[in-house]
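Student: Could you take me through the helices and the sheet of this protein, with the cut-offs behind each term?

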Amino acid sequence: MGDELLAAEFEANRGRLRGVAYRMLGSAAEADDAVQETWLRLNRTGGDTVDNLPAWLTTVIGRVCLDMLRSRAARREEPPPDSDLQALDDPERDALLADSLGTALLVVLETLTPAERLAFVLHDLFAVSFEEIAVVVGRSPAAARQLASRARRRVQGGSPHGAADAARQREIVDAFLGASRGGDFEGLLTLLDPDVVVRMDDVEPRPRSGGGAEWVARFFTGKAQAAMPATIDGVAGALVQKPHGQRLALCFTVAGDRIIAIDVIRNPDESIVIELLN
């Protein structure tokens, strides 16, 4: 791949990479450093052996950020002040502040281990599959899922904007299941964040910019007939028993009284802790 084409391909991915790095590191300056290091590594390879450049770049910047977080932890260094937001270009800063959990999420992420933080950020915020995350953290896909689950529980319970508390999460999820069973499209819309995303296990998810609340409401209208209320890895959810022994675990992420994500896990294994509710 020629130098100019390689640079153009990288620039096309720069915004997403910076978004990943910022949420991982909580610092615009460190995010820029991580993006620059990713570019240097790509430039050294020449790009000729890279089949899927976006995926390769995500893996590399994940590893760079993970190394930076571990180094910070080893030095017991406090993260740079959040005023770093002012160093971002206006469009990027606006996009960050518009995030459904906003800067409050960054505060909670600081309480996670580096591996938990990476798994949560890559999967829940950027829809990277657990197979890809496993490569970055050097663990199995099941272990990567557990990292994200632990992180999600702490985010749900610890956000200063307080993602909804456990009782409120349960209330919203039960209302969603009821509206789904009853075919109440408008009722579903009132419970969904405009940018809600459904992630189908480790299958390529619908992007946040496509579908959104209307797509999800249409998808679930008239369904959930067999859904049983449950907690999935400690988070409000539901379990669906399908014919021939198949199971679906639905794990809901709730923030600000709205559902912002639904993870659908097919045939969950023993690494997923499921508790059925009466």
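The conversation below goes through the sheet and then two helices.

Tutor: This is a predicted model, in which local features need pLDDT of at least 70 and side-chain atom pairs count only at pLDDT 80 or more, while totals for chains, interfaces and linings use all residues. Residues are numbered from 1 along each chain as its sequence is written, and side-chain values use heavy atoms, with hydrogens and water left out.

Student: Which strands stand at the edges of the sheet, and why is one side of each left without a neighbour?

Tutor: The open sheet has six strands (DSSP E runs of at least two residues, numbered from the N terminus) in the order β1-β5-β4-β3-β2-β6, with mixed pairing. Two strands pair if DSSP finds at least two bridges between them. Each edge strand has a single partner, so one of its sides is left without a neighbour in the sheet, and these strands are β1 and β6 (274–276).

Student: In β6, which residue is the bridge partner of Ile232?

Tutor: Strand β2 (residues 227–232) and β6 pair in the antiparallel sense over three bridges. The partner of Ile232 in β6 is Ile274.

Student: Which residues of helix α11 are buried?

Tutor: Helices are DSSP H or I runs of at least four residues, and α11 covers residues 212–220. Buried means under 20% relative accessible area with a 1.4 Å probe, protein chains only. The buried residues here are Gly212, Ala213, Trp215, Val216, Ala217 and Phe220.

Student: Where does helix α1 bend?

Tutor: A bend is the angle between axes fitted to the seven residues ending at a residue and the seven starting there. In α1 (residues 3–25) this angle is about 45°, and its position is Arg14.

Definitions and conventions:
Buried means under 20% relative accessible area, exposed over 50%, partly exposed in between (1.4 Å probe, protein chains only).
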